[in-house]
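Here is a quick tour of a metal site and the strands around it. Have the model open while you read.

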Amino acid sequence: SMNVPIKTPDEIEKMREAGRQAASVLEMITPFVAAGITTGEIDRRCHDYIVDVLGSTPAPLDYHGFPKSVCTSINHVVCHGIPDDGKALKKGDIMNLDVTVRTADGYHGDSSVMFVIGETIQGERLCRVTQECLYRSIALVRPGVHLSELARAIQSHAEASGYSVVRDFCGHGIGAGFHEEPQVLHYDGYAPEADIALEAGMCFTIEPMINVGDSRTKVLRDGWTAVTKDRSLSAQWEHTLLVTETGVEVLTARRDEDLSFLER
Ligand code: MF3
Ligand code: CO
Ligand code: CO
């Protein structure tokens, strides 16, 4: 059954801080992400920053046994890639870095971005279209809008661009829990009772995963790494959002990020 938490003003302030912290991790690491760095080093830098500078906890670490503090998903890895000291980035790679912090107050901020290493025309187009999918859906967020409207905005843009939408993973409510209700699908697949109308005070993520090939995924024998079955390239972008009386607040907005599309 559908039980979507509505945050109190006090909780909203804590969610703002959690979102700001997650964004700050991505801002901090960005200058280090280049050909030659290992995903293990990215993980350590993010871990140490979250713990030592922010005074918070990396929520993925030990989450259902996840062994590291961030997820690093390269090329055909869809999500939940495990950082590894033997895995160096190289020219032509694309990588998703997914950061979730839990503040000392106990609230979560969850966001991910794509990095393009060197030049890759196909990779750049996939990353751009996937970010456009996220932005088009964010632009629709306000009280009364149904989750299926967000899903259709993502699916129509992805498919019109020749891509497919991953169905095996979804966005989620977020707050004191890492993953709360509702489930946020990125394709038009809602059961009627799950297609809820947004209300002010809801917090949730949108995190579309978009593939160059078909939408199917499989999980590797490490129990975590999700890859495209056809080994085609996959991209993802994620923000944590608050539904306001008049629209949306992007709680994980980065300093360099152009969100002027929200003003229209
Ligand atoms: N941050 C991911 C999300 O967007 C979840 C990662 S769970 C982990 O929901 F265990 F893989 F880290
Ligand atoms: Co998430
Ligand atoms: Co995430």
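A residue is called buried when its relative accessible area is under 20%. This is a predicted model, and D110 sits at 3% relative accessibility, so D110 counts as buried. D98 comes out at 11%, so D98 counts as buried too.

Those two aspartates are a good way into the metal site. D110 bridges the cobalt ion (ligand 2) and the cobalt ion (ligand 3), and the two ions lie 3.3 Å apart. Here is how the two ions are held:

| Ion | Coordinating residues (atoms) | Distances | Angles among the six donor atoms |
|---|---|---|---|
| cobalt ion (ligand 2) | D110 (OD), H172 (NE2), E207 (OE), E238 (OE) | 2.0 to 2.3 Å | 51 to 162° |
| cobalt ion (ligand 3) | D98 (OD), D98 (OD), D110 (OD), E238 (OE) | 2.1 to 2.4 Å | 58 to 167° |

What geometry does the site of the cobalt ion (ligand 2) have? With its six donor atoms at those angles, it is irregular. The site of the cobalt ion (ligand 3) is irregular as well. E238 turns up in the list for ligand 2 and again in the list for ligand 3.

Now for where the donors come from along the chain. For the cobalt ion (ligand 3), the donor spacing reads D-x11-D-x127-E. Its pair D98 and D110 links distant parts of the chain: D98 belongs to strand β4 (residues 94–102) and D110 to strand β5, twelve residues apart. For the cobalt ion (ligand 2), the donors are spaced D-x61-H-x34-E-x30-E. Here the pair D110 and H172 does the linking, with D110 in strand β5 (residues 108–116) and H172 in strand β7 (residues 171–173), 62 residues apart. Like D110, H172 is buried.

Which strand does β4 pair with through four bridges? That would be β2, and the two run antiparallel. This brings us back to a metal ligand, as C71 stands opposite D98 in β4.

Strand β2 (residues 71–74) is worth a look in its own right. In a regular strand, side chains alternate between the two faces of the sheet. In β2, C71 and S73 lie on one side, T72 and I74 on the other, and all of them are buried. Both faces of this strand are therefore covered, given that buried means under 20% relative accessible area.

To pull it together: D110 bridges the two cobalt ions, D98 coordinates ligand 3, and D98 faces C71 across the β2 and β4 pairing.

Note on methods. Residues are numbered from 1 along each chain as its sequence is written. Chains are lettered from A and ligands numbered from 1 in the order in which they are written. This is a predicted model: local features need pLDDT of at least 70, side-chain atom pairs count only at pLDDT 80 or more; totals for chains, interfaces and linings use all residues. Side-chain values use heavy atoms; hydrogens and water are left out. Donors are N, O and S atoms within 2.8 Å of the metal (3.2 Å for Na, K and Ca); water is not among the atoms, so sites may look incomplete. Four donors count as tetrahedral if all angles lie between 85 and 135 degrees; four count as square planar and six as octahedral if opposite donors are over 155 degrees apart and all others between 65 and 115; anything else is irregular. Buried means under 20% relative accessible area, exposed over 50%, partly exposed in between (1.4 Å probe, protein chains only). Two strands pair if DSSP finds at least two bridges between them.
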